[in-house]
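Student: Could you take me through a close look at one part of this protein, the place where its two domains meet? I would enjoy one connected account, with whatever surroundings help to place it.

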Amino acid sequence: MAESNGKDERRVVVLGTGGTIAGRASAAADNIGYTAGEVGVAELLGGIDAPPGISLTAEQVAQVDSKDMSFAIWQTLAQRCAYWLAEPAVAGIVITHGTDTLEETAFFLQAVLGPSKPVVVTCAMRPSTALAPDGPQNVRDAIVVASTPGAQGVVAVCAGTVHSAFDVQKVHTYRLDAFDSGDAGPVAYVEEGALRVLRDWPVPAGERLAFDRVAGVASWPRVEILLSHAESRGSIVDALVQERRLGGPDVVQGLVLAATGNGTLHHSLEAAALRAQAEGIAVLRATRCSQGRILPRQKEVLRDAGALTPVKARIALMLELLSGERSA
Ligand code: SIN
């Protein structure tokens, strides 16, 4: 769908990637037995009025269940965002996405684009065929955010709440209000088509990896996430190190250790991680707690990821490895 009512109109581009929001079930009462990523993004916009002075353009970038999100889709998505953001008439972008890896895509896009216009990732917990689908309201709210002057950066919109890409996390398996920003709190609320802003919009964190570098990457550095838990085994790390010694196209280059509490590790995992780091593998500790950050302690040999969750720390480490700037 591409509509325009006049040359002074500002535009919001809606990029579809699939998810439950585009899901279809055989019965309207069924909120869980559906297939994600079936309904086209142009169809999702049917019946949604754009705010006055805004025209909508729909583009299908992918059509997947977001559990199957890939680097290739991220690259295409980042490219399409960069293309549209460069258009002066484009006020902002909305991305329809599955809830399951939404926080990863949002963090990735914020890391590689750091946009000065809003890029709003939205979703639904119920399929489009549900008796009372939540997708249409979320899309409508996302369009409001994407067309609001002053809004910027990558944010997620779900259940009337605007979350920063840095903080957003899916925290519930079923509730419509499935996302949370932890200690940081939301950026804003959308109330009856108006924004109530609570704090600053996300801005680029530090030096960004040039977007062109990411767009051209054919093989992404392999970074694995390992969880520290009761009776953790360092032998898993040793096996990855051994595989790396044997060589090959896709050996591990980085490890994110999902650490307990304030970044602590089971002694067996920690000892193996130190051996891996000595062999040149980049190691990062991220807390497995859903809230809070790792407060640095003196004499830590393994770096920590601060407030980043393990999945976001993995993306940060991959980008660091791609930029060639890692400090093991
Ligand atoms: C998905 O992440 O694509 C499926 C689940 C959802 O969107 O809620």
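**The domain interface**

Tutor: Happily! About 1300 Å² is buried between domain 1 and domain 2, and carbon and sulfur atoms give 68% of that area. On the domain 1 side, three residues stand out: Phe71, Phe107 and Gln169 supply 42% of the area that domain 1 buries against domain 2, more than any other three residues. Please keep in mind that this is a predicted model.

To place the two partners along the chain, the domain assignment puts domain 1 at 10-197 and domain 2 at 220-323. Their centres, taken over C-alpha atoms, are 30 Å apart. The contact itself draws 17 residues from domain 1 and 13 residues from domain 2.

Now for the polar side of the story. Between domain 1 and domain 2 the count of salt bridges is 0, while 4 residue pairs, both members at pLDDT 80 or more, make polar contact across the interface. Turning to secondary structure, α2 (71-85) and α3 (102-113) are the elements that each give two or more residues to the side of domain 1 that touches domain 2. Of these, α3 gives the most, with 6 residues. Sorted by class, that side of domain 1 holds 9 nonpolar, 3 polar and 5 charged residues.

Although salt bridges are missing from the domain interface, a search of the whole structure finds 13 of them. One involves Glu59 and Arg80, whose closest N and O atoms are 2.6 Å apart. Glu59 lies in strand β4 (residues 54-64) and Arg80 in helix α2, so this pair ties together parts that are 21 residues apart in sequence. Helix α2 is thus worth following twice, since α2 also gives residues to the side of domain 1 that touches domain 2.

Finally, a look at the ligand. The residues around the ligand are Gly19, Thr20, Tyr34, Asp65, Ser66, Gly98, Thr99, Asp100 and Ala124. Three of these neighbours are worth picking out for their polar atoms. The side chain of Thr20 places an N or O atom 2.9 Å from an oxygen atom of the ligand. For Ser66, a polar side-chain atom lies 2.6 Å from a ligand oxygen. Asp100 takes part through its backbone, with an N or O atom 3.0 Å from an oxygen atom of the ligand.

Terms used:
Residues numbered from 1 in each chain as written. Predicted model: local features only at pLDDT ≥ 70, side-chain atom pairs only at ≥ 80, totals over all residues. Heavy atoms only, no water. Domains from an automatic or database assignment. Contact = heavy atoms within 4.5 Å. Buried area = accessible area lost by both parts, 1.4 Å probe. Salt bridge = Lys/Arg side-chain N within 4 Å of Asp/Glu carboxyl O. Polar contact = N/O pair within 3.5 Å; in protein donor to acceptor, adjacent residues only side chain to side chain. Helix = DSSP H or I, 4+ residues; strand = E, 2+ residues; numbered from the N terminus. Nonpolar A, V, L, I, M, F, W, Y, C, P; charged D, E, K, R; others polar. Near = heavy atom within 4 Å.
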